[in-house]
Amino acid sequence: MASLAEKVPKVKLNNGHEMPVLGLGTWKSKPGEVTQAVKDAIDAGYRHFDCAFVYQNEAEVGQALTEKMASGDVKREELFITSKLWNTFHSPESVEPALKKSLSLLGLDYLDLYLIHWPISFIDKEGELFPKDDNDKSLYKSVDHVDTWHAMEKCVEQGLVRSIGLSNFNSKQIQHVLDNCKIKPVVNQVECHPYLNQKRLIDFCKERDIHITAYSPLGSPDRPWAKPEDPSLLADPKIKAIADNYKKSTAQLLIRYQVERGVIVIPKSVTKTRIEQNFDIFDFQIGESDMQYIDSLDCNGRFCHVTWNNDSPDFPFSIEF
Ligand code: A2P
């Protein structure tokens, strides 16, 4: 099975570690579906899995990893496993226990990458993931991202994780961490697709040797807050027409688009045929003019706008990038 996995190029992170450009997303993958999906993905050649504590399915992802390692289909050192620190664990003393909790759910003794999931901090209220007051308002707390970051750095020093990074941070928030860190973030994971191509944030990060990972590369049609009238990236006739020219599906074109612009990409699927299809993107190249045309579809079209948290002082999407 090694030859399939070898089709996936790796990027070199700013600390020398390598990360496969294609991974399987697990946000929204139901616990009852994700174990089989991860096993199917390993059989298809995926070695990079994007997880998070808040997805509430890390134990089931871990079950697949444990079984596939036990059967000898894959070795730990061939895998690249990401998890994310949830918003209720930003206090420095909560970081290591949160990471260790994800490790235990995943059945691993180290992570390849641990990200601060959001720049928004919630209070820790009886273990609730989304603590709210009686009026249904989120309960925030103030934690300097640098304090959380220093606790992340300690986890690297202890060998619990190889690389650390950010997610959903805007340019100012990234710069604040960079100005005060010992260990640089290796990636910032953000929503990214043709309607929100993140060109300026990508350029900003590139100048600072930080990679971008694209979440919701297919527009996350299964996002819980989707409305029938919302635009659909996968059904966009302009994108479909280009995909048709390459005899590829719209999903394949959207994934290939990111790989060609040097962005790491983590499409989610729990469907075996789609998991395989989404991997089958290394036998074609999108021409320069098509790439430019896809870029021109940018319309600040954010699907994961989390406007319900825009009253947080750390809300990341109120500046341009
Ligand atoms: P499913 O998981 O039921 O297969 P994103 O990665 O942007 O969050 O998008 C994930 C969504 O896109 C899921 O609903 C997933 O469905 C669907 N999806 C994944 N791959 C494909 C594909 N190749 N064709 C159509 N839909 C896909």
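This passage describes the sheet of the protein and the surroundings of its ligand.

The structure is a predicted model. Its strands include eight that form an open sheet, in which the pairing is parallel and the order runs β3-β4-β5-β6-β7-β8-β9-β10. The edges of this sheet are held by β3 (24-25) and β10 (264-265), each of which pairs on one side only. Strands of a sheet pair through backbone hydrogen bonds, either parallel or antiparallel. Strand β9, which covers residues 211-215, runs parallel to β10 and is joined to it by two bridges; threonine 213 has isoleucine 264, in β10, as its bridge partner.

The ligand sits in the largest pocket, where 18 residues surround it, and those that come nearest are Leu218, Ser220, Lys268, Ser269 and Thr271. In terms of residue character, the shell around the ligand comprises seven nonpolar, seven polar and four charged residues. Helix α10, spanning residues 272-279, contributes three residues to this shell, which is the largest share.

Polar atoms of the protein approach oxygen atoms of the ligand from both side chains and backbone, as the following distances show. For serine 220, a polar side-chain atom lies 2.5 Å from an oxygen atom of the ligand, while for leucine 218 a polar backbone atom is 2.9 Å from a ligand oxygen atom. A polar side-chain atom of lysine 28 likewise lies 3.0 Å from an oxygen atom of the ligand. Of the 580 Å² of accessible area that the ligand has on its own, the protein covers 86%.

Technical notes: Residues are numbered from 1 along each chain as its sequence is written. This is a predicted model: local features need pLDDT of at least 70, side-chain atom pairs count only at pLDDT 80 or more; totals for chains, interfaces and linings use all residues. Side-chain values use heavy atoms; hydrogens and water are left out. A residue is near a molecule or strand if one of its heavy atoms lies within 4 Å of it. A polar contact is a pair of N or O atoms within 3.5 Å; within protein, one must be able to donate a hydrogen and the other to accept it, and residues adjacent in sequence count only if both atoms are side-chain atoms. Accessible areas come from the Shrake-Rupley method with a 1.4 Å probe; for residues, only the protein chains shown count as cover. On a 1 Å grid over the protein atoms alone, a cavity is a set of points where a 1.4 Å probe fits but cannot get out, and a pocket is an open set with protein on both sides within 12 Å along at least five of seven lines; lining residues have an atom within 4 Å of a point. A molecule sits in a cavity or pocket if more than half of its atoms lie within 2 Å of its grid points. Helices (H or I, at least four residues) and strands (E, at least two) are DSSP runs, numbered from the N terminus. Ala, Val, Leu, Ile, Met, Phe, Trp, Tyr, Cys and Pro count as nonpolar, Asp, Glu, Lys and Arg as charged, and the others, Gly among them, as polar. Two strands pair if DSSP finds at least two bridges between them.
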